[in-house]
Amino acid sequence: MAGRYCAEGDLVPALMTATVLAQLTQDDPDGTTTDTTVLDAHIAKAEALVEGFLSPRYEVPLASVPVLVADCAARLVRFGLMTMGGGAPDDWLIEDRKDVMKLLADMRDGKVDLGLTAAGTDPGAGQAAGRAIRTKSRAPVFGRSNLEGY
């Protein structure tokens, strides 16, 4: 089953190999098949955490999922899978989770713009046009009329 923000395809090959995913979801270290029940439980936990952070600012579940949100959810799933054995996680994994949590807090606080409306949808062409960059320049100093005799 795919979640709203994260699926197996977001984990493999971006964050881990299919073999590692299979081994993390099973008790058998030689496992070659992903246990979807375990994976789905971790996806549900990660998505609940993401929605908990985003719900003060956006209507959840998000109708349009930005890549940044999907990446955060996938990294939370990886953390959950890699720490479910009970051993101490590696320092890089702890730092990655801290980074994800800070990024989610920044999304909630409006420091990171997801490009979504409060309803959690892509603003589309109508609202995006209001956010376009506009420039105004002076009349050209040199042009055909100014340089006619040269």
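What percentage of the 150 residues of the protein chain count as buried? In this predicted model, 33% of the residues fall into that class.

**Figure 1. Overall view of the protein chain, which has 6 helices and 0 strands.** Followed along the sequence, the elements give the pattern α-α-α-α-α-α. The radius of gyration of the protein chain is 23 Å, well over the 15 Å that the globule rule gives for 150 residues, so the chain is more spread out than a compact globule. Taken along the principal axes, the box filled by the C-alpha atoms is roughly 85 × 40 × 30 Å. Among the contacts in the protein chain with a separation of 6 or more, 65% come from residues 24 or more positions apart. The area that the protein chain exposes is about 9,500 Å², and carbon and sulfur atoms supply 54% of it.

**Figure 2. Close-up of the crossing between helix 4 (residues 67-83) and helix 5 (residues 91-108).** The axes of these two helices come within 10 Å and cross at roughly 145°, and the crossing is left-handed. From helix 4, the contact is made by Leu 68, Val 69, Cys 72, Arg 75, Leu 76, Arg 78, Phe 79, Met 82 and Thr 83, while helix 5 contributes a set of residues including Trp 92, Ile 94, Asp 96, Arg 97, Asp 99, Val 100, Met 101 and Leu 104. Sorted by class, the residues of this contact are 14 nonpolar, 1 polar and 5 charged.

**Figure 3. Close-up of helix 3 (residues 36-54) where its axis crosses that of helix 5.** Here the axes come within 8 Å and cross at roughly 35°. Leu 49, Val 50, Phe 53 and Leu 54 of helix 3 meet Arg 97, Met 101, Leu 104, Ala 105, Met 107 and Arg 108 of helix 5. The residues of this contact divide into 8 nonpolar and 2 charged, with no polar residue.

**Figure 4. Close-up of Leu 76, a residue of helix 4.** With a relative accessible area of 8%, Leu 76 is under the 20% cut-off and is therefore classed as buried. Apart from neighbours within four places in sequence, the residues in contact with Leu 76 are Ala 46, Leu 49, Val 50, Arg 97, Val 100, Met 101 and Leu 104. Of these, Leu 49 and Val 50 also take part in the contact of helix 3 with helix 5, as do Arg 97, Met 101 and Leu 104 from the helix 5 side. Between the C-alpha atoms of Leu 76 and Glu 51, which are 25 residues apart along the chain, the separation is 13 Å.

**Figure 5. Close-up of Arg 75, which lies in helix 4.** Arg 75 has a relative accessibility of 15%, and because the cut-off for burial is under 20%, this charged residue counts as buried. When neighbours within four places in sequence are left aside, Arg 75 is in contact with Leu 15, Asp 96, Asp 99 and Val 100. Asp 96, Asp 99 and Val 100 are listed among the helix 5 residues that make the contact with helix 4.

**Figure 6. Close-up of Val 112 in the loop between helix 5 and helix 6 (124-130).** Not counting residues up to four places away in sequence, Val 112 touches Leu 68, Leu 103, Asp 106 and Met 107. Val 112 and Leu 68 are 44 residues apart in sequence, yet their C-alpha atoms are 9.9 Å apart in space. Leu 68, from helix 4, and Leu 103 and Met 107, from helix 5, also belong to the contact between those two helices.

Notes. Residues numbered from 1 in each chain as written. Predicted model: local features only at pLDDT ≥ 70, side-chain atom pairs only at ≥ 80, totals over all residues. Heavy atoms only, no water. Axes fitted to C-alpha atoms, helices over the stretch in contact; angles between N-to-C directions. Helix = DSSP H or I, 4+ residues; strand = E, 2+ residues; numbered from the N terminus. Left-handed = near helix turned anticlockwise from the far one by under 90°. Contact = heavy atoms within 4.5 Å. Rg over C-alpha atoms; globule rule 2.2 N^0.38 Å. Buried < 20%, exposed > 50% of the residue type's maximum accessible area, 1.4 Å probe, protein only. Areas by Shrake-Rupley, 256 points an atom, 1.4 Å probe, with all protein chains shown as cover.
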